[in-house]
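Subject: The structure I promised you

Hi,

Here is the structure we talked about, with my notes on it underneath. Have it open while you read, and tell me if anything is unclear.

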Amino acid sequence: MSAKKPNLRRTQTAALQTRDVQAIIAATGNLYESISVIAKRSRQISTETKEELNQKISEFSIGTDSLEEVFENKEQIEVSRQYERMPKSTSLATDELLEGKIYFRYRQEEDNNTAS
């Protein structure tokens, strides 16, 4: 009988943060709308972060694809690790919603304004 050892590295980095659901509901008046807003903002943050990371990593590409250069480029590895240590985009989006930093509007209101 062998018990599977937990992955300590994964458990150390995957810290859960409990959130006040009532505060999330209060932001829009509906939990599902709040989650939708958080998801859309999270995608925006993720896209911006990915573009920024790709831009920084592209500075390190020389054009040759030798394996030696990939393993020896410690600056590129450090940049990648820096981005891996950043908080998740969903956490950032949730914080922004709770702090009132996200502006959102409903598409129906927008369509009604343009029709009249």
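One definition before we start: a residue is called buried if its relative accessible area is under 20%, exposed if that area is over 50%, and partly exposed in between. By that rule, 15% of the 116 residues of the protein count as buried. Please keep in mind that this is a predicted model.

**The overall picture**

The protein has seven helices and zero strands, so reading from the N terminus you get α-α-α-α-α-α-α. About 10,300 Å² of the protein is exposed, and carbon and sulfur atoms supply 51% of that area. Now take the contacts in the protein with a separation of 6 or more: residues 24 or more positions apart account for 63% of them.

**Helix H6 and what covers it**

Have a look at helix H6, residues 89-98. Which of its residues are buried? They are Ser89, Ala93, Thr94, Glu96 and Leu97. Looking down the axis of H6, you would find these buried residues within an arc of 160°, so they line one face of the helix. There is some general helix geometry to remember here: an α-helix has 3.6 residues a turn, so residues three or four places apart point the same way.

The cover over the buried residues of H6 includes helix H2 (21-28) and helix H3 (31-58). After H6 comes Gly100, which has a positive phi near 75°.

**The nonpolar core**

In soluble globular proteins, nonpolar side chains tend to be buried together. In this model, the largest nonpolar core has seven residues: Ile24, Val37, Ile38, Ile45, Ala93, Leu97 and Ile102. H3 and H6 each supply at least two of them, and the largest share, three residues, comes from H3.

Ile38 is a good residue to click on. Leaving out residues up to four places away in sequence, Ile38 touches Ile24, Thr90, Ala93, Thr94 and Leu97.

**Salt bridges**

How many salt bridges does a search of the whole structure find? There are four, and here are some of them.

- Asp95 and Arg19 meet through their side chains, at 2.6 Å from N to O. Asp95 lies in helix H6 and Arg19 in the loop between helix H1 (8-13) and H2, so this pair ties together parts that are 76 residues apart in sequence. Both ends count as partly exposed, Asp95 at 28% relative accessibility and Arg19 at 24%.
- Arg85 and Glu78 form another salt bridge, at 3.2 Å from N to O. Arg85 is exposed at 57% relative accessibility, whereas Glu78 is partly exposed at 41%.
- Lys101 pairs with Glu99, and their closest N and O atoms are 2.9 Å apart. Lys101 is exposed, with a relative accessible area of 59%, and Glu99 is exposed too, with 51%.

**One last spot**

Asn54 lies in helix H3 and is partly exposed, with a relative accessible area of 43%. Along the chain, Asn54 and Ser80 are 26 residues apart, and their C-alpha atoms are separated by 9.7 Å.

If you want a place to begin, try the buried face of H6, then move on to the core residues that H3 and H6 supply.

Cheers

Key. Residues numbered from 1 in each chain as written. Predicted model: local features only at pLDDT ≥ 70, side-chain atom pairs only at ≥ 80, totals over all residues. Heavy atoms only, no water. Helix = DSSP H or I, 4+ residues; strand = E, 2+ residues; numbered from the N terminus. Buried < 20%, exposed > 50% of the residue type's maximum accessible area, 1.4 Å probe, protein only. Contact = heavy atoms within 4.5 Å. Areas by Shrake-Rupley, 256 points an atom, 1.4 Å probe, with all protein chains shown as cover. Arc of directions from axis to C-beta. Core = buried A, V, L, I, M, F, W, Y, C linked by side-chain atoms within 4.5 Å.
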